[in-house]
Amino acid sequence: MILIKKYIPLALCFLFGVLTLGSYYVPTAASENYMEAMNQWENIVAGFAFLLGLFGLFYSHYNKITRKVDGWGYSLFVYIGFFMMVIPAILSEGKIMEGTTLTSIGWGYRFIYNALASTMFSVLAFYIVSTAYRAFRIKSAQAAVLFVAALIVILGKVPLGQMLWDTTLGWTGTQVSGIVQWLMDVPVVAGRRGIMMGLAIGGIVTGLKIIFGIERQYMGRD
Amino acid sequence: MLNKRLNLTIFSVLFAASAVCAATPASQKNAPPVPDLSGFQAVDMPYDKGEAVLLTWPVTPADVPGAVYQVYASAGKDWVKAAELPAASSLASEVELPFWAWKRDAALHAFQAEMPALFPGFKPGDGYSFKVKYVNGKTSLESAEAKVAPKANFFNLNRVNNFVLLVTIIVVFFWTVSHAKRKGLFIRRIAGLDAIDEAIGRATEMGRPIFYSTGIGSMSMVPTIASTSILAEVAKKVATYDTQLKVPHFDPIVMTVSKEIVKQAYTEVNRLDSYRDDINFFVTQDQFSFAASVDGMIHREKPAACFFIGHFMAESLLLAEVGATTGAIQIAGTEQESQLPFFFTSCDYTLIGEELYAAGAYLSKEPMLQSTLKVQDFGKAFVMVAVAAGSVLVLAGTIYKWDTMLYVVKHLFKGY
């Protein structure tokens with residue numbers, strides 16, 4: 001049992017990890033075909049896993065409805081939403097458009113799904129405002145620096161801000177757009193690259209841990 | 001009379017000869033220069049997958065503005081025009097390949113012919129002919145044909161700098177792992193991870209659930225794998241305190257793996273009786289639908305703690321902000337630096353950069369895993385030294401015009 005649960009998965013992980021890593025340095029057609037095959041396999045597994053997830057979702061919500069747990073009414077919408085999209089999709093044979101007119105699935109996609117997705121995305125704007133309010137409260141010297149930098153960037157990005165800058169600080173001869181550009185090109189890039197380098201190193205080490213079987217939590221421990 | 005005739009003949013010959021002598025240099029002066037294409041060569045493009053041919057021919061004084069080189073290729077019958085290049089362009093010295101794999105010869109033209117684009121039925125190993133034609137107004141000259149059969153190369157020498165770095169990292173990796181078995185390591189405290197106990201304790205006291213999201217990444221993404229490692233440790237603590245854990249998923253494969261991990265965590269702390277199969281559940285594979293669904297659950301169930309660790313995009317703020325409004329302790333971590341500011345402002349603790357990848361080792365306290373943190377530290381030290389040294393060398397090279405050194409330094413640190 002330990003052979004099937006531990007050693008074979010670890011050996012497969014090592015083998016395919018090394019092959020994938022090696023394919024970066026080997027420019028042959030075989031190497032390219034191998035990567036393509038791996039991507040196809042990933043898609044195939046993902047397709048089956050999606051079915052697994054879907055059945056799990058239905059089962060979980062079915063249980064909520066039958067047990068009448070708190071908020072079981074929301075679970076009904078899982079089925080309603082699913083059938084509202086799947087039945088028209090089957091009826092219109094998966095086509096979004098029939099000539100110049102929308103099919104039923106096309107209509108549902110454009111006027112229900114897109115509208116709901118856009119609504120969720122637009123909510124972000126309001127959340128950004130409340131987040132910005134919290135971020136710009138000056139509680140320390142660092143917060144003050146953040147606030148000043150943010151204020152300059154805001155001023156530089158809107159015409160009204162540029163006009164205000166020119167009116168009040170125009171005599172200094174500096175353009176707010178120049179300061180914004182410097183902020184974005186120098187301190188922001190420096191900070192981002194620092195994080196990115198740390199992430200890259202962490203990613204490489206995690207990859208090696210998995211390939212060499214030191215990190216095994218993703219497969220459950222024995 | 002005879003003398004007169006002889007004189008006239010000699011005069012006529014001399015006159016004709018002088019006329020010829022005077023005329024020839026003038027015609028040579030006006031004729032455009034013609035290149036020497038005898039050095040034209042076609043070879044297999046080195047270090048590629050066998051789908052390109054490298055054509056080279058010498059730079060000549062005939063490479064004047066207005067003149068062009070036409071490159072022709074043939075699979076045996078007809079000639080196909082592969083490219084038309086201005087005569088003063090396509091120099092071997094302009095090719096962006098590293099110095100150890102490419103000779104930057106300013107006296108050569110170089111052109112890389114991509115064979116699949118020229119011949120749709122191309123197969124590596126087949127023979128092809130090439131020629132180059134010089135055209136400048138009415139002047140034109142063709143080179144001799146050159147034959148070549150492109151083939152795949154086994155190793156991409158252009159990436160040897162990357163390969164050397166990889167081998168070095170692997171050597172350091174094994175050295176630290178073997179070293180860790182003998183000695184313990186000092187690890188600085190990471191506030192975000194220390195707060196996990198506090199968050200779980202709070203949830204236990206309040207009798208509210210804990211939400212853990214692995215993000216919208218697939219299982220093949222390193223941050224998702226790192227997140228599942230943290231989930232294992234969180235699940236163990238949750239199982240120990242008998243608190244309620246909810247793990248909504250975006251990806252069914254991640255859900256399947258997480259189920260196994262959480263079950264294992266419950267088993268390890270002997271609380272398998274408390275394990276429920278619906279701790280991990282699939283929500284949807286649509287980004288904003290996922291955010292809306294999880295937001296709804298957070299809003300209704302008011303969890304005591306929320307963990308957002310993994311790959312997050314625009315939904316990061318949607319999730320974290322709703323969590324913040326419910327008053328939950330929030331711990332987040334992502335590899336997406338564009339989403340980090342949202343987590344900073346909405347969450348109590350945020351794992352920055354490589355802390356995300358160190359978290360599993362930090363929490364598990366396993367010597368083998370912890371030792372790999374040292375590799376990350378060595379890596380960071382190397383990056384710091386490389387950035388400082390590279391900056392100094394490039395600066396010095398620019399000031400003192402040490403072109404060769406600039407060239408070497410830039411190539412050493414570039415990815416190909």
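In what order do the six strands of the open sheet in chain B stand, and is the pairing parallel or antiparallel? Before I answer, a word on the source: this is a predicted model, in which local features need pLDDT of at least 70 and side-chain atom pairs count only at pLDDT 80 or more, while totals for chains, interfaces and linings use all residues. Residues are numbered from 1 along each chain as its sequence is written, and chains are lettered from A and ligands numbered from 1 in the order in which they are written.

The order is S11-S10-S9-S12-S13-S14, and the pairing is parallel. Strands here are DSSP runs of E with at least two residues, helices are runs of H or I with at least four, and both are numbered from the N terminus; two strands pair if DSSP finds at least two bridges between them. Strands S11 (280-282) and S14 (349-351) of chain B are at the edges with a single partner strand each, so one side of each has no neighbour in the sheet. From one strand to the next, the twist averages 15°, with angles running from 0 to 180 degrees between N-to-C directions of axes fitted to C-alpha atoms, for helices over the stretch in contact.

At one edge, S10 (residues 245-249) of chain B pairs with S11(B) over three bridges in the parallel sense. There, B:Val247 has B:Asn280 of S11(B) as its bridge partner. Helix H6 (residues 252-268) of chain B packs on the sheet and touches S9 (210-215), S10 and S11 of chain B, contact meaning C-beta atoms, placed from the backbone, within 7 Å. The direction of H6 makes about 170° with that of S11(B).

Notes:
Contact = placed C-beta atoms within 7 Å.
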